Amino acid sequence: MQPGMEAVIGLEVHVQLRTRTKLFCACRNAYGAPPNSLTCPVCLGLPGALPVLNTEAVRMALTLGVALDARIQPLSTFYRKQYVYPDLPKGYQITQGPVALVEDGSLEIPGDPAAREGEGPVRARIERAHLEEDAGKSSHEWSDAGSHVDLNRAGVPLLEIVGAPDLRSPQEASDYLKVLHRLVVFLGICDGNLEEGSFRCDANVSVRPRGSDAFGTRVEVKNLNSFRFVKQALAFEIARQSALLDRGGAVVQETRGWDAAAGETRVQRSKEAAMDYRYFPEPDLPSLDVSLAEVEAVRAAQPELPEARIRRFRDDHGLSGEEALTLMQSPAFADYFEALARTCGQGKAAANWMLGEVSRTLKGRGAGIEGLGLAPEALAELIRLVAQGTINLGAARETVFPALLAGEGTAAEIVARKGLAQEADPGAVAAQVAAVLAAHPDVVAQIRGGRANLKGFLVGQILKAGGGRLDPKAVNRVLDEVLAKP
Ligand SMILES: [Zn+2]
């Protein structure tokens, strides 16, 4: 982009709500069932079938509204948005009209100092969040020259969250999506699964002279289902529009799609082909009436918000922002960490175990924290044994932790059975140090000759000779004493 220009980005995010049933019928809201097995006359749009609003979906929308510090509209209305497509059996989608259940909220994101004046966090406004039903899914399999329609998704509840054009770079767009994703997952209203389409995004983007209040002609990039694609598609689109304007050309208002393989956006339809959806109020549903008491009940039940939890992890346990974020990879992982830190009383050590041995184990198993098969209390006991100096960290990691996972008893039992308790007797440390030094006179001579970096080798040899039972601190101390003598 030319200096003096800026990008203007607004995101529309579709969040699939994890209700038990669909938005207007009792069909199960589930992914992966056999095609067309989760349908009924209501979501198939058969004549005479009447929709009934799912109150669980309304409560979830209110939960987000409260978290976004938004205005909850006491009265909003459902509308029919009409278009013809094979995966839309009714011929219309039920969505909300000009008044949305949730309006005028905001989300704090880290600002991108490269794209705006000044540093620090930015409040991105959210214009509205409304309830609507999803369409079915079409798949086109060329092998048998057939197209298939699966209507299990038809009628599944979505929250469409419409952000104001407040974002100024692909980085800010990506950060906004990550903060919003974490919010809906930790509020428990969305499973956050990007591959299954539970969280997907359309991006509106234009460029204009920096400082201008007017908007350039905007392009909509549809259906971005990964944080990386959003960043790549926006960077491409900003460069394409800027180059066009530099050449004296004009941006055409249109809808484009992201071709990940080619690394470019492609035209899907122009403004001239824009659809007229002929919206009108849904006659089969009453207006959505929300009382103040309902909103207050949701507010009272609100869990701690994820960004506040990240700050608390950082401040209470002396963690870096990156460490706190990694601990927040899922609600279950964060909960496990908190239980572990509370039980062992060592926040930093608990974080190190979560980000080290525990994460490595889960990665190896391809599992989430639920698949660890070890209660936080059991791991906490091991962390306490290390903190008390009963065993050293190496033995805890290499021997006791795998034995805990294998169900060989409690940490204390394993330590006792394997004879891993550290040798407290200074004489035992001194004897191992003397034996290893005697076996490596050449190394000792080199260290005394100035090659201090060889000391680590000797420490390793001594710890090995001690069978993992020597306290590394004691070994270092004794070794330093011996080496200091001529
Ligand atoms: Zn149904």
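Two strands count as paired here if DSSP finds at least two bridges between them. Keep that in mind while looking at this predicted model, starting with strands E4 and E5. In E5, the residue that bridges to Phe 78 is Gln 96. That bridge belongs to a ladder in which E4, residues 78-82, and E5 run antiparallel over five bridges. Zoom out a little and there's an open sheet of three strands, ordered E5-E4-E15, with antiparallel pairing. E5 and E15 (280-281) are its edge strands, each pairing on one side only.

Stay with Gln 96 for a moment. This residue sits in E5, which covers residues 92-96. Is the side chain of a glutamine like Gln 96 buried or exposed here? Gln 96 has a relative accessibility of 4%, and the cut-off for buried is under 20%, so Gln 96 counts as buried. Its side chain has polar company, though. A polar atom of the Gln 96 side chain lies 3.1 Å from the backbone nitrogen of Leu 101. The backbone nitrogen of Leu 131 is 3.3 Å from a polar atom of that side chain. Beyond its neighbours within four places in sequence, Gln 96 is in contact with a list of residues that includes Ser 76, Thr 77, Tyr 79, Arg 128, His 130 and Leu 288.

Now over to another stretch of strand pairing, this time around E11. Strand E11 spans residues 199-209, and ten of its eleven residues are buried, leaving the strand mostly covered. E11 pairs with strand E1 (residues 5-16) in the antiparallel sense, over eleven bridges. If you want a pair to pick out on screen, try His 14, whose bridge partner in E11 is Arg 200. E11 also pairs with strand E12 (residues 219-224), again antiparallel, over four bridges. Here the pair to look for is Asn 204 with its bridge partner in E12, Glu 220.

Follow the chain out of E1 and you get to the metal site. Which residues hold the zinc ion? The donors are the SG atoms of Cys 25, Cys 27, Cys 40 and Cys 43, at 2.3 to 2.4 Å. The angles among those four donor atoms run from 100 to 115°, and the site is tetrahedral. Written as a spacing pattern, the donor residues go C-x1-C-x12-C-x2-C. Cys 25 and Cys 40 link distant parts of the chain: they are 15 residues apart, both in the loop between E1 and helix H1 (41-44). Cys 25 is buried, at 12% relative accessibility. Cys 40 is buried as well, with a relative accessible area of 18%.

That loop between E1 and H1 also holds Asn 36. Check its backbone: phi of Asn 36 is near 60°, a positive value in a residue that isn't glycine. Most residues other than glycine have a negative phi. Asn 36 is partly exposed, at 35% relative accessibility. Asp 104 is another non-glycine residue with a positive phi, about 55°. Rather than a loop, the home of Asp 104 is strand E6, residues 102-110. With a relative accessibility of 46%, Asp 104 counts as partly exposed.

On the helical side, have a look at H8. This helix takes in residues 331-344, 14 in total, and spans 20 Å from first C-alpha to last, close to the 20 Å expected at 1.5 Å a residue. Which of its residues are buried? The buried residues of H8 are Phe 333, Ala 334, Tyr 336, Phe 337, Glu 338, Ala 339, Leu 340, Ala 341 and Cys 344. Their cover includes helices H3 (170-186), H6 (306-317), H7 (321-327), H9 and H10. After H8 comes Gly 345, with a positive phi near 70°.

Two of those covering helices, H9 (347-365) and H10 (376-387), are joined by the loop where Glu 370 is found. Buried or exposed: which is Glu 370? Glu 370 has a relative accessible area of 63%, and the cut-off for exposed is over 50%, so Glu 370 is exposed. As a last distance to try, Glu 370 and Pro 121 are 34 Å apart, C-alpha to C-alpha, and 249 residues apart in sequence.

Definitions and conventions. Residues numbered from 1 in each chain as written. Predicted model: local features only at pLDDT ≥ 70, side-chain atom pairs only at ≥ 80, totals over all residues. Heavy atoms only, no water. Helix = DSSP H or I, 4+ residues; strand = E, 2+ residues; numbered from the N terminus. Buried < 20%, exposed > 50% of the residue type's maximum accessible area, 1.4 Å probe, protein only. Donors = N, O, S within 2.8 Å, 3.2 Å for Na, K, Ca; no water. Tetrahedral: all angles 85-135°; square planar, octahedral: opposite > 155°, others 65-115°. Polar contact = N/O pair within 3.5 Å; in protein donor to acceptor, adjacent residues only side chain to side chain. Contact = heavy atoms within 4.5 Å. Expected span 1.5 Å × (residues − 1).
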